[in-house]
Amino acid sequence: MPQCMRLTSTEVYIALKHTEMTLIKQLITGCCFIFIFPFVTYSTNHKPNSFADSLFLAENYKLAAIEYERVFFMEQNPQLKNQALIQKAQSLKQLKQYAEAITSLQRIPLFFLTDSTRSVVHFEKALCYYLNGDFTLTEFELRQLKEQQNAHYAAKHDILLALSLNEQLKWDDAKDILR
């Protein structure tokens with residue numbers, strides 16, 4: 001017959017306190033999400049994604065991605081919706097969820113974007129494709145970016161394109177890019 005382990009009253013007290021503290025933390029977290037989370041973007045003195053931005057800056061990328069998706073869903077302004085999807089992709093990229101980041105970026109309608117925002121989307125998609133190991137699509141997105149002729153991305157573009165071509169065993173093309 002198995003013997004039962006006897007606990008001292010101090011050990012029982014510590015175990016109960018630990019359980020009680022865990023439940024209190026869960027209750028506080030739950031209340032924050034139930035009572036504060038839905039109303040954060042309705043404050044009149046800050047932008048709609050400031051809560052998501054603060055989560056991102058606190059390196060809480062998973063919750064930031066969820067909050068950016070909520071901003072996308074609730075927001076009416078197309079520019080803010082697109083920015084929320086870009087930031088969601090940044091959060092997912094930090095979590096190394098590159099395929100999900102690409103999916104988020106693909107939801108952005110490129111036709112109505114400014115040239116600078118379109119360049120950001122193409123470069124971020126190319127980077128996520130590269131990090132996900134899809135070098136052909138990396139090259140495709142970078143060729144799209146090259147058509148934008150955005151000077152800000154010129155050096156980054158060339159380096160990422162050379163790396164992508166190198167992975168595809170197109171060494172001469174990669175060497176030409178870096179000259």
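Which residue lies over the face of F72, at 4.3 Å from the ring centre? The residue is K81, as the second view shows.

This is a predicted model, in which local features need pLDDT of at least 70, side-chain atom pairs count only at pLDDT 80 or more, and totals for chains, interfaces and linings use all residues. Residues are numbered from 1 along each chain as its sequence is written, and side-chain values use heavy atoms, with hydrogens and water left out.

**View 1. The chain has 9 helices and 0 strands.** Helices (H or I, at least four residues) and strands (E, at least two) are DSSP runs, numbered from the N terminus. Of the 179 residues in the chain, 35% are buried; buried means under 20% relative accessible area, exposed over 50%, and partly exposed in between (1.4 Å probe, protein chains only).

**View 2. Charged side chains sit over the ring of F72.** K81 is placed 4.3 Å from the ring centre, and the charged end of R107 is 4.6 Å from it. A charge sits over a ring if NZ of Lys or CZ of Arg is within 6 Å of the ring centre and within 35 degrees of the ring normal.

**View 3. F56 and Y61 form an aromatic pair.** Rings of Phe, Tyr and Trp (its six-membered ring) pair if their centres lie within 6.5 Å; planes under 30 degrees apart count as stacked, over 60 as edge-to-face and the rest as tilted. The chain holds 3 aromatic pairs by this rule. In one of them, the centres of F56 and Y61 are 5.1 Å apart and the planes stand at 70°, so the pair is edge-to-face. Both F56 and Y61 are buried. Q90, in helix 4 (residues 78-94), is in contact (heavy atoms within 4.5 Å) with F56 and E124, leaving aside neighbours of Q90 within four places in sequence. Q90 counts as buried because its relative accessibility is 17%.

**View 4. F111 and F112 form an edge-to-face pair.** Their rings are 5.0 Å apart, centre to centre, with 85° between the planes. F111 is exposed, with a relative accessible area of 70%, and F112 is exposed at 69%.

**View 5. A162 in helix 8 touches A174, I177 and L178.** These contacts leave out residues up to four places away in sequence. A162, within residues 154-167 of helix 8, is buried because its relative accessible area is 5%. L178 belongs to helix 9 (residues 171-178) and is exposed, with a relative accessible area of 56%.
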